[in-house]
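Work through these exercises with the structure open beside you. Try each task before reading its solution.

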Amino acid sequence: MVQQMLDMLFPPGHRRRSVTFECCLCWTGEHDFRNFCKMDVANITHFMRRITSFTVETVPDGGGEERLPLFDMCYLRIEGTAFLWHQVRCMAAVLFMVGNRLEEPSIVADLLNIEKFPQKPQYRMASDQPLVLAECHFKHLQFTIDPEAADKLRQTLYEQWSGHAIAGAMAQFGATTVLDQSGGATGKAAGTELESALKNGLQNHIPLERRPKEDPYDVRRQRHDLREAAKAAAKEA
């Protein structure tokens with residue numbers, strides 16, 4: 001989900017690398033995720049959800065021998081029985097804050113504690129660009145894939161992969177070439193520049209505990225019911 005998340009934000013041997021997995025384990029199990037979602041008060045009445053597995057994994061290498069370790073990629077693999085609206089994006093956003101040393105690892109357990117945080121702090125969700133729903137399983141239901149449709153989809157995906165790989169290689173070449181030719185004139189290492197780019201909106205960070213809080217579920221639900229009642233009255237009038 002983010003370039004070199006483990007090796008740059010959590011260097012080998014660094015305490016932050018181990019706390020990443022602590023955060024993942026903290027989310028695992030059944031919890032109230034109201035502080036890690038966008039509330040859908042029209043359709044949801046409770047926020048208990050179960051995460052069965054949460055890991056950080058390395059993307060399989062699809063490049064050649066010239067691939068630079070600086071541009072290694074990792075992703076978050078999250079498995080659960082059900083998810084709330086934007087739950088995964090909210091979890092990723094908080095994990096990035098911890099990884100960027102802007103929040104303590106304990107913030108995950110704190111936000112899962114609705115007595116300590118009865119209202120969700122306002123924060124920006126992680127990008128939806130790398131979000132993929134990979135698999136769905138249902139009891140007594142098995143999906144089948146039409147071979148012809150699978151071939152067409154595979155061809156489309158390979159074409160997209162090829163285009164993005166070329167664009168990525170060109171951007172990487174340009175960035176590293178500029179760095180080499182400048183002789184480090186900017187005074188920044190490539191890792192520092194990449195880390196700065198990945199923070200993307202995390203500058204001037206305000207701790208979550210001190211941020212404005214969103215309205216709680218009861219208040220949102222009451223507003224929703226009033227709006228629905230007003231719409232029904234308008235139809236009857």
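**Exercise 1: A salt bridge and its surroundings**

In this predicted model, the side chains of Lys-116 and Asp-110 form a salt bridge, 3.3 Å from N to O. Task: decide whether Lys-116 is buried or partly exposed, and classify Asp-110 too.

Solution.
- Step 1. Take the cut-offs: buried is under 20% relative accessible area, exposed is over 50%, and partly exposed lies in between.
- Step 2. Lys-116 has a relative accessible area of 44%, so Lys-116 is partly exposed.
- Step 3. Asp-110 has 18% relative accessibility, so Asp-110 counts as buried.

**Exercise 2: Two further salt bridges**

Task: the structure holds ten salt bridges. Examine Asp-32 with Arg-34, then Asp-151 with Arg-154.

Solution.
- Step 1. The Asp-32 and Arg-34 side chains meet at 3.0 Å, N to O. Both residues are buried.
- Step 2. The Asp-151 and Arg-154 side chains meet at 2.9 Å, N to O.
- Step 3. Place that second pair: both residues lie in helix α5, three residues apart, which is about one turn of the helix.
- Step 4. Recall the geometry. An α-helix has 3.6 residues a turn, so residues three or four places apart point the same way.
- Step 5. Check exposure. Asp-151 is partly exposed at 46%, and Arg-154 is partly exposed at 43%.

**Exercise 3: Helix α3 and the core**

Task: find which element supplies the largest share of the largest nonpolar core.

Solution.
- Step 1. Of the 35 residues in this core, Trp-27, Phe-33, Phe-36, Phe-54, Val-94, Ile-107 and Tyr-123 touch the most other members.
- Step 2. List the contributors: α2, β3, β4, α3 and α4 each supply at least two residues of this core.
- Step 3. The largest share is ten residues, from α3.
- Step 4. Look at α3 itself. Helix α3 covers residues 87-99 and reaches 18 Å from first C-alpha to last, close to the 18 Å expected. In α3, 13 of 13 residues are buried.
- Step 5. Follow Trp-27. Beyond its neighbours within four places in sequence, Trp-27 contacts residues including Met-91, Val-94 and Leu-95.
- Step 6. Move past the helix end. Just after α3, Arg-101 takes a positive phi of about 65°.

**Exercise 4: A nonpolar surface patch**

Task: which residues form a nonpolar patch on the surface?

Solution.
- Step 1. The patch consists of Phe-138, Leu-141 and Phe-143, with about 340 Å² of accessible area together.
- Step 2. Locate Phe-143: the loop between α4 and α5.
- Step 3. Classify Phe-143. Its relative accessible area is 55%, so Phe-143 is exposed.

Terms used
Residues are numbered from 1 along each chain as its sequence is written. This is a predicted model: local features need pLDDT of at least 70, side-chain atom pairs count only at pLDDT 80 or more; totals for chains, interfaces and linings use all residues. Side-chain values use heavy atoms; hydrogens and water are left out. Helices (H or I, at least four residues) and strands (E, at least two) are DSSP runs, numbered from the N terminus. The expected span of a helix is 1.5 Å times one less than its number of residues. Buried means under 20% relative accessible area, exposed over 50%, partly exposed in between (1.4 Å probe, protein chains only). Patches are made of residues with over 30% relative accessible area and no salt bridge: like charges are joined within 9 Å, nonpolar side chains (Val, Leu, Ile, Met, Phe, Trp, Tyr) within 5 Å. Accessible areas come from the Shrake-Rupley method with a 1.4 Å probe; for residues, only the protein chains shown count as cover. A salt bridge is a side-chain nitrogen of Lys or Arg within 4 Å of a carboxyl oxygen of Asp or Glu. A nonpolar core is a set of buried Ala, Val, Leu, Ile, Met, Phe, Trp, Tyr and Cys residues joined through side-chain atoms within 4.5 Å. Contact means heavy atoms within 4.5 Å.
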